[in-house]
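Here is a short briefing to read alongside the coordinates. Load the model, keep the residue numbering handy, and follow the bullets topic by topic.

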Amino acid sequence: MAAIAQPMAAAPAERSQGVWAAAWTRLKADRVGMVCLAVVAAFMALILLSAAGIVAGGWQLEKGVPYANPGFLGQRPNVEAQSIDLAAPKGPPVDISDIDPLAPKYAEWDKRAAEIQTSSPPRAETLPFGGDRWGRDVLAKSIKGAQISIFVGVFAAIMATCIGTVLGATGGYFGGRVGDFLEWVYNVFTAIPNILLIFAFAAVVGRGIDTVIVILGLTGWTGIYRLVRAEYIKHASREYVRAAQAIGASHPSRMFVHILPNISHVVLVQLSLLVVGFIKSEVILSFLGLGVPIEMVSWGTMLAEAQTELVIGKWWQLAAATAFMAVFLTAFSLLTDALRDALDPKLR
Amino acid sequence: MTGLVAVRDLRVSFRLGKTRVVDAVRGVSFDVPVNGTVALVGESGSGKSVSAMSIVRLLPDNAIVDAASRIDFGGADLLAASIDELRRIRGKDITVVFQEPMSSLNPVFTVGHQIGEVLRLHLGLSPRQAIGRVVELLGEVGIPEPKARVDAYPHELSGGQQQRVMIAMAIACEPKLLIADEPTTALDVTVQRQILELIAKLQDRHRMSVLFISHDLGVVGEIADQVVVMRDGVVREQGPVGAIFTAPRDAYTRALLACRPRLDAKPKRLPVIDDFMAGGGQPIVVAENRVARPQEERPLIEASGLSKIYRLKTGLFARKSIAAVQEASFSMWRGRTLGVVGESGSGKTTIGMLLMRLVQASGGEVKFDGADLLKLSDAQMMAYRRRIQIIFQNPYASLNPRFTVGQILVEPMKIHGIGANDGERFERAVALARRVGLAADSIHKYPHEFSGGQRQRIAIARCLSMQPEVLICDESVSALDVSVQATVLNLLLDLQDEFSMSYLFISHDLAVVKYMADDMLVMHEGSIVERGSAEAIYESPQHEYTRKLLRSIPAGYRRQQA
């Protein structure tokens, strides 16, 4: 063997197109996929800017009059704003100083109050896309809401994918008793209605973004578990895995170094589907009051507020949240489809 | 003889992706005479199947047939025929038998239903009439108890019987032309012989023409009247079978004939296609016979009473035992090759798996260097894993598609701590790739960029990276074309000389085993029925089964003459 152990000058070989590079080439050829990629990238940029406080940092400021009209509907009468403005009683006040024990203090209080400068900034009559009940800018809320919603969706999806992949890989690869046990866990999990499970978790753990992420992650792994398990059962008996066993590769190495890259397309596509699903779930959770805390805003809380607004004809908050959600989710789903086509080695 | 089908200047190309077009068939012309057998011979990618399937236009959607091509059948151009006309012709006048009977039959319908469908569609028979005819047909193709088998599902039949059902379906409407696309490639030799005899008999009785597609010149020599040799989409040579076999004019035909290992000679190395093509048609003949390395005092591996029994649950308490291997005992010597032959299900692959401990043995012992491999713990086994390696059958499945060649070669060295650091291992990987005949830039490529033969070289290099003493070749050349087979076999022989490895060479191909092996085992239904030196077994087989196997080898044209 000495003959072949001679060190040799490795020729500067040109790296050939790898699996990922090939997938990228295919994705680039997909026009719909590329448009969706651009939309998703734009959302991600928006989220980064909003997280850094550059955009929509002041979403909590009450900039406009309550239920301020959208800029393009400036002429619309805004009865609610006026009714709040005119809250001071009209007509001659009734003098009750005779019986009011605090009457002697009023003059003094008025004087002290006059010493303090209070400045309430002028409230705008209209905002670009209207205002909510407190006159907060709906557009800024939607952007800030995107940050929370997408953050929750992505992290919960990553968590669920990790759980599902590890359990699925273990169950599918080893099979036997381990597989049976995991199947049992899976069956118990799926037997309980999902929403009940979510309520139970939420009731125990309490509110907060991290809670929402944990809840969604812990309840959402079942689908991906099933798919990954099936792929592992199929791949574990493939010859290349046998060959890895023959050279002495360990179980974890065979599971995660050899098989995982070959089924990564399944995991990735499931991951992106879960992101879409979890953003919707977050909306529902928040709508039901189990989602993000009150001092934050997400698309879900916006929708929850919109419920009461819609009755009095203030539709823009609902429209804004829905439009943002629809655009992002559609782009993300289509991108997912494009990704699957680009990554699936069987379609090549 | 008058012509039935005339293929003229057939050109077919395939659209790949949006811009790439690959020419598969480039101007092929041949005739199929009435009541004659024409064989299309060539290696994979030669365009033989595409040419044949163009006749019934069973081509993938991305195929483009050149407008100037013509295929005349009964006075009409089949390439210009409408879909309706084609549907009337397919399954009635021209029928096809495919390679894989397992996947050509629909598993959820009975065979009677599937054969009956053809009769109902093309002859308008009622279901009752059809069943009667199906029974006749099944009898004609030699299925025992045809009345009972009508209601059998495909999985209840053996591979050979399934192929008989496919043939029954093909001859149901008395076709004028039967296209048989590698009909025996997936079958065992003994079954192959029966199917070939059946096709010849049916052709004679029904006076039909047969277009027989095969990569195996041995099979073709027995069955064909006319032979068309194809390579890279072009006809290299065509003529009557006698002329092709006795006086081939084309260098490629000569190479194809020569590069199959022969039963009567054992040259030092097999001639390969390049020898013929480069040497102006005259090969560099190595007449000298290969001499086996003498046996050392002690065998390297001594297996005794090796068995593997699968227990199947057949009921609540009922168990059935199936012995994949029973009481197998054999020895392997350093630098020598032990050949194992047998048909599918004979347990020959299981023997290799048991030695590697890829399958746990049910009994017996394997002594390797004093230690019993079967009793070692997994940790102890690690040291031995390096010393026994295996090359699998299918080079397309045995390499991880997501690893580069470099990663594939470096991984085993990493696991076994060969080489001081990654740089050194990589250098060794480059040297190994070069040693097995891969180009220098291969190291960064992925398996899908290589052909079958090259992939098998990668698999060999992976084994070599661990410097094994024993190499198990499990049908390692069966999936390769004949010419590629020869180059890989030559490489294996060279490596054996260089590193004095001991080979366990498992194959269903008796000619290849005869060429490679010094000692031999014949397996049948899990047991070793005969053992001895390769020459002795081929010259004077003792066991009835061995004789049957040897009789089944397609002998090519010579046997007909004799």
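In chain B, the loop between β18 (470-474) and α18 is home to B:Glu475. This is a predicted model, and the backbone of B:Glu475 is worth a look: phi is positive, about 50°, although the residue is not a glycine. A second glutamate, B:Glu145, makes a good companion to it, with phi near 50°, again a positive value in a residue other than glycine.

**Two glutamates with positive phi**

- Is B:Glu475 buried or exposed? It counts as buried, because its relative accessibility is 7%, and the cut-off for buried is under 20%.
- Setting aside neighbours within four places in sequence, B:Glu475 has contacts with B:Lys348, B:Gln393, B:Ile506, B:Ser507 and B:His508.
- From B:Glu475 to B:Gln542 there are 67 residues in sequence and 25 Å in space, taken C-alpha to C-alpha.
- B:Glu145 sits in another loop of chain B, the one between α5 (127-140) and α6 (146-149).
- With a relative accessible area of 60%, B:Glu145 is exposed, since exposed means over 50%.

**Nonpolar cores**

- The largest nonpolar core has 115 residues, and the members that touch the most others are B:Ile167, B:Phe212, B:Ile460, B:Leu492, B:Phe505, B:Met516 and B:Met520.
- Which helix gives the most to this core? It is α18 of chain B (residues 482-499), with 9 residues.
- To see one of these core members up close, try B:Phe505: beyond its neighbours within four places in sequence, its contacts include B:Leu492 and B:Met516.
- The contacts of B:Phe505 also take in B:Thr337, B:Leu338, B:Gly339 and B:Val340, as well as B:Cys473, B:Val477, B:Leu489, B:Val512 and B:Val513.
- There is also a second, separate core of 50 residues, with A:Ala146, A:Val283, A:Leu285 and A:Met325 among them.
- As general background, nonpolar side chains in soluble globular proteins tend to be buried together.

**A helix pair in chain B**

- Helix α4 (residues 111-123) and helix α7 (residues 159-171) of chain B have axes that come within 8 Å and cross at roughly 20°.
- That angle makes α4(B) roughly parallel to α7(B), because angles under 35 degrees count that way.
- The crossing of α4(B) past α7(B) is right-handed.
- On the α4(B) side the contact is made by B:Val111, B:Gln114, B:Ile115 and B:Val118, and on the α7(B) side by B:Val165, B:Ala168 and B:Met169.
- By type, the residues of this contact of α4(B) with α7(B) are 6 nonpolar, 1 polar and no charged.

**A helix pair in chain A**

- Helix α6 (residues 138-174) and helix α10 (residues 222-236) of chain A pack with their axes 7 Å apart, at an angle of about 35°.
- The crossing of α6(A) and α10(A) is right-handed.
- From α6(A), the residues in the contact include A:Ala160, A:Gly164, A:Gly168, A:Gly171 and A:Gly172, while α10(A) brings residues including A:Ile224, A:Val228, A:Arg229 and A:Tyr232.
- What is the make-up of the contact of α6(A) with α10(A)? It divides into 10 nonpolar, 6 polar and 1 charged.

**Chain A as a whole**

- Chain A has 14 helices and 2 strands.
- Of its 348 residues, 42% are buried.
- Among the contacts in chain A with a separation of 6 or more, 77% are between residues 24 or more positions apart.

Methods: Residues are numbered from 1 along each chain as its sequence is written. Chains are lettered from A and ligands numbered from 1 in the order in which they are written. This is a predicted model: local features need pLDDT of at least 70, side-chain atom pairs count only at pLDDT 80 or more; totals for chains, interfaces and linings use all residues. Side-chain values use heavy atoms; hydrogens and water are left out. A nonpolar core is a set of buried Ala, Val, Leu, Ile, Met, Phe, Trp, Tyr and Cys residues joined through side-chain atoms within 4.5 Å. Buried means under 20% relative accessible area, exposed over 50%, partly exposed in between (1.4 Å probe, protein chains only). Helices (H or I, at least four residues) and strands (E, at least two) are DSSP runs, numbered from the N terminus. Contact means heavy atoms within 4.5 Å. Axes are lines fitted to C-alpha atoms, for helices over the stretch in contact, and angles run from 0 to 180 degrees between N-to-C directions. Angles under 35 degrees count as roughly parallel, over 145 as roughly antiparallel, 65 to 115 as roughly perpendicular and the rest as oblique. A crossing is left-handed if the near helix is turned anticlockwise from the far one by less than a right angle, and right-handed if clockwise. Ala, Val, Leu, Ile, Met, Phe, Trp, Tyr, Cys and Pro count as nonpolar, Asp, Glu, Lys and Arg as charged, and the others, Gly among them, as polar.
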